[in-house]
Amino acid sequence: MTKLYLVRHGQTDSNACGIYQGQTNSPLSSLGHKQAQLLAKEIVHQELVIDKLYSSPAGRAQQTAEYVSNAIGKEVILDSGLQEINLGNWEGYTWEQICEDYPDASCTYHENWWTFDGHGGEYLYAVPLEDTSRCSAYFRRGEKYVHPCFKAVFLLEMRDIEGKE
């Protein structure tokens, strides 16, 4: 039976400060390292059988995966297709800065965040199903796997597995 364990990467300093990261590479904070260690310990404690461990090459996801890797003795498989979406001009900004520098775009963002592209980057549902097919391909193989990932990737993977447009 296939099992998919989607886990959020540990906290970064950018997360703690409310900075939008997107594809910006940011390492785990001290708390993020502790969270990743606790995740790895919990996977061992729960005696989860993991066949594969996938991660995006983003520092925060890869660092989180390394803790799990060390705990379960599985190599981290890096896959650039599991990267977070590009947030364009908003990467590196807090919401307050976005509202100040992009007032019109920030006003409409929450009304249609899933199709919003006013930041010059990607929007969540612009990513075609075929670009997220890695997860469903892994799923069809019958593997039990862990993937430390990002909020947008969670949503895209669930859309892909469920086959929804």
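**The end of helix H3: Gly73 follows the helix with a positive phi, near 70 degrees.** In this predicted model, features of local geometry are given only where pLDDT is at least 70 and side-chain atom pairs only at pLDDT 80 or more, whereas totals for chains, interfaces and linings take in all residues. Numbering starts from 1 along each chain as its sequence is written, and side-chain values rest on heavy atoms, with hydrogens and water left out. H3, like the other elements, is a DSSP run numbered from the N terminus (helices are H or I runs of at least four residues, strands E runs of at least two). The 14 residues of H3 reach 20 Å from the first C-alpha to the last, close to the 20 Å expected at 1.5 Å a residue, where the expected span is 1.5 Å times one less than the number of residues. Its buried residues (under 20% relative accessible area with a 1.4 Å probe, protein chains only; exposed means over 50% and partly exposed lies in between) are Gly59, Arg60, Ala61, Thr64, Ala65, Val68 and Ser69.

**The largest nonpolar core, with nine residues.** A nonpolar core is a set of buried Ala, Val, Leu, Ile, Met, Phe, Trp, Tyr and Cys residues joined through side-chain atoms within 4.5 Å. The members here are Val7, Leu39, Ala40, Ile43, Ile50, Leu53, Ala65, Val68 and Val76. Helix H2 (30-45) and H3 each supply at least two residues of this core, and H2 gives the most, with three. Beyond its neighbours within four places in sequence, Val68 is in contact (heavy atoms within 4.5 Å) with Leu39, Ala40, Ile43 and Leu53. Another core, of five residues, lies apart from this one and includes Trp90, Ile98, Ala105 and Tyr109.

**The surroundings of Trp90, in the loop between strand S3 (76-78) and helix H4 (95-101).** Trp90 is classed as buried because its relative accessible area is 1%. Once neighbours within four places in sequence are set aside, its contacts are Tyr20, Trp95, Ile98, Tyr102, Ala105, Ser106, Tyr109, Phe116 and His119. One of these partners, Tyr102, is 12 residues from Trp90 along the chain, and the C-alpha atoms of the two are separated by 8.9 Å.

**His119, in the loop between helix H5 (103-109) and H6.** With a relative accessible area of 3%, His119 is likewise buried. Its side chain reaches the backbone nitrogen of Gly121 at 2.9 Å, a polar contact being a pair of N or O atoms within 3.5 Å in which, within protein, one must be able to donate a hydrogen and the other to accept it, while residues adjacent in sequence count only if both atoms are side-chain atoms. Not counting residues up to four places away in sequence, His119 touches Asn86, Leu87, Gly88, Asn89 and Trp90.

**Thr12, in the loop between strand S1 (3-8) and helix H1 (13-16).** Thr12 counts as buried because its relative accessibility is 0%. A polar atom of the Thr12 side chain lies 3.3 Å from the backbone nitrogen of Ser14, and the side chain of Thr12 also makes a polar contact of 3.0 Å with the side chain of Gln21. Outside the four places on either side in sequence, Thr12 is in contact with Gln21, Ser26, Pro27, Leu28, Ser29 and Arg60.

**Glu47, in the loop between H2 and strand S2 (52-55).** Although Glu47 is not a glycine, its phi is positive, at about 55 degrees. Glu47 is exposed, with a relative accessible area of 69%.

**Confidence along the chain, which has a mean pLDDT of 81.** The predictor's confidence in each residue, pLDDT, runs from 0 to 100, and 74% of the residues reach 70 or more. Confidence is highest in H3 (residues 59-72), at a mean of 96, and lowest in H6 (residues 133-140), at 53. Over residues 129-133 pLDDT stays under 50, and the model has 10 contacts beyond four places in sequence for this stretch.

**The chain as a whole, with seven helices and four strands.** From the N terminus on, the elements run β-α-α-β-α-β-α-α-α-β-α. Of the 165 residues in the chain, 39% are buried. Among contacts between residues at least 6 apart in sequence, 70% join residues at least 24 apart.
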